[in-house]
Amino acid sequence: MKDIFCKIIDGEIPSTKVYEDDDVLAILDISQATKGHTLVMPKKHYQDFLSTPAETMHKVYDVAQRIGQAMVGVLGAKGVNVLTNVGEAAGQSVPHFHVHVIPRYTRGEGGFQISMKAQDTSSIDLPRLALTIKEGIK
C-alpha cells in the first residue's frame with residue numbers, strides 16, 4: 001500500500017510544488033506550521049532518514065538548504081528549522097523519508113515549537129556512552 005507521499009509523487013494526490021527534479025520533490029505542507037513550511041522528499045520510497053542511502057539523503061538536504069536560503073532571501077524569514085523525524089516515538093507520521101523546512105519570522109510564532117531542556121547527566125557515564133555510540137557507527 002502506498003503512503004500519501006508516494007501518491008503525491010505519482011500524481012494521484014494534488015500538491016503545491018516548490019521544487020522538482022528527477023530524484024527530489026518539495027511541496028508546501030498542507031498543515032502550514034508557518035507561512036512557507038515545505039516538505040522535501042526523495043521520489044524513491046525510503047522508510048526514514050536511517051534507511052535512506054547517503055547519496056539520496058544528500059540530494060534531499062541540498063534541496064532543503066536551497067529552499068531555506070530562498071525562505072530567508074525572498075520570504076523575509078529570520079531563520080529556518082530543518083528537521084526530520086524517525087519513528088513514531090519521534091513523531092514520524094508518514095513512513096516516507098522527508099525533511100521539514102520551516103521558516104521562522106519571529107521567535108515562537110506559528111504552530112511549531114521546539115525546545116530542549118537539559119537533563120541531569122550526573123548519573124550518566126558520558127565517556128562510556130560516547131564509546132558505546134562510536135562502536136555502533138558503521
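**Figure 1. Tyr61, a partly exposed ring in helix H2.** In this predicted model, Tyr61 has a relative accessibility of 28%, so Tyr61 counts as partly exposed. Its aromatic partner is Phe97: the two ring centres lie 6.4 Å apart, with 40 degrees between the planes, and the pair is tilted. Tyr61 belongs to helix H2, while Phe97 sits in the loop between S4 and S5, so this contact ties together parts that are 36 residues apart in sequence.

**Figure 2. Phe97 and its other ring partner, Phe49.** The structure holds 2 aromatic pairs. In the pair of Phe49 and Phe97, the ring centres are 6.3 Å apart and the planes meet at 50 degrees, so this pair is tilted. Here too, distant parts of the chain are linked: Phe49 comes from the loop between S3 and helix H2 (54–74), Phe97 from the loop between strand S4 (79–83) and S5, and the two are 48 residues apart. How do the two rings fare for exposure, buried or partly exposed? Phe49, at 31% relative accessibility, counts as partly exposed, whereas Phe97 is buried, with a relative accessible area of 1%. Taken together, Phe49, Tyr61 and Phe97 make up one aromatic cluster.

**Figure 3. Strand S3, covered on both faces.** Follow strand S3 along residues 38–42. The rest of the structure largely encloses S3, because 5 of its 5 residues are buried. In a regular strand, side chains alternate between the two faces of the sheet. On one side of S3 you will find Thr38, Val40 and Pro42, and on the other Leu39 and Met41, all of them buried.

**Figure 4. The strand neighbours of S3.** On which strands does S3 find its partners? S3 pairs with S2 in the antiparallel sense over 5 bridges. Two places to look are Leu25, opposite Met41 of S3, and Ile27, opposite Leu39 of S3. S3 is also joined by 3 bridges to strand S5 (residues 99–104), again running antiparallel. For this second pairing, look at Thr38, whose bridge partner in S5 is Val101.

**Figure 5. The hairpin of S1 and S2.** Strand S1 (residues 17–20) runs antiparallel to S2, with 3 bridges between them. A hairpin of 3 residues makes the connection from S1 to S2. Tyr19 has Ala26 of S2 as its bridge partner. S2 itself is mostly covered, with 4 of its 5 residues buried.

**Figure 6. The largest pocket and its lining.** This pocket encloses about 330 Å³ of space. Its lining has 20 residues, and those nearest the centre are Phe5, Asp29, Ile30, Ser31 and Leu39. Leu39 is a residue you have already met, on one of the covered sides of S3. Which elements supply at least two residues each? They are helix H1 (4–9) and strand S2 (24–28). H1 gives the largest share, 3 residues. By residue type, the lining divides into 10 nonpolar, 9 polar and 1 charged.

**Figure 7. Lys35 over the ring of Tyr105.** Our last stop is a charge and a ring. The charged end of Lys35 sits over the ring of Tyr105, at 5.7 Å from the ring centre.

Notes. Residues are numbered from 1 along each chain as its sequence is written. This is a predicted model: local features need pLDDT of at least 70, side-chain atom pairs count only at pLDDT 80 or more; totals for chains, interfaces and linings use all residues. Side-chain values use heavy atoms; hydrogens and water are left out. On a 1 Å grid over the protein atoms alone, a cavity is a set of points where a 1.4 Å probe fits but cannot get out, and a pocket is an open set with protein on both sides within 12 Å along at least five of seven lines; lining residues have an atom within 4 Å of a point. Grid points are joined across faces, edges and corners, and a volume is the space filled by probe spheres set on the points. Ala, Val, Leu, Ile, Met, Phe, Trp, Tyr, Cys and Pro count as nonpolar, Asp, Glu, Lys and Arg as charged, and the others, Gly among them, as polar. Buried means under 20% relative accessible area, exposed over 50%, partly exposed in between (1.4 Å probe, protein chains only). Two strands pair if DSSP finds at least two bridges between them. Rings of Phe, Tyr and Trp (its six-membered ring) pair if their centres lie within 6.5 Å; planes under 30 degrees apart count as stacked, over 60 as edge-to-face and the rest as tilted. A charge sits over a ring if NZ of Lys or CZ of Arg is within 6 Å of the ring centre and within 35 degrees of the ring normal.
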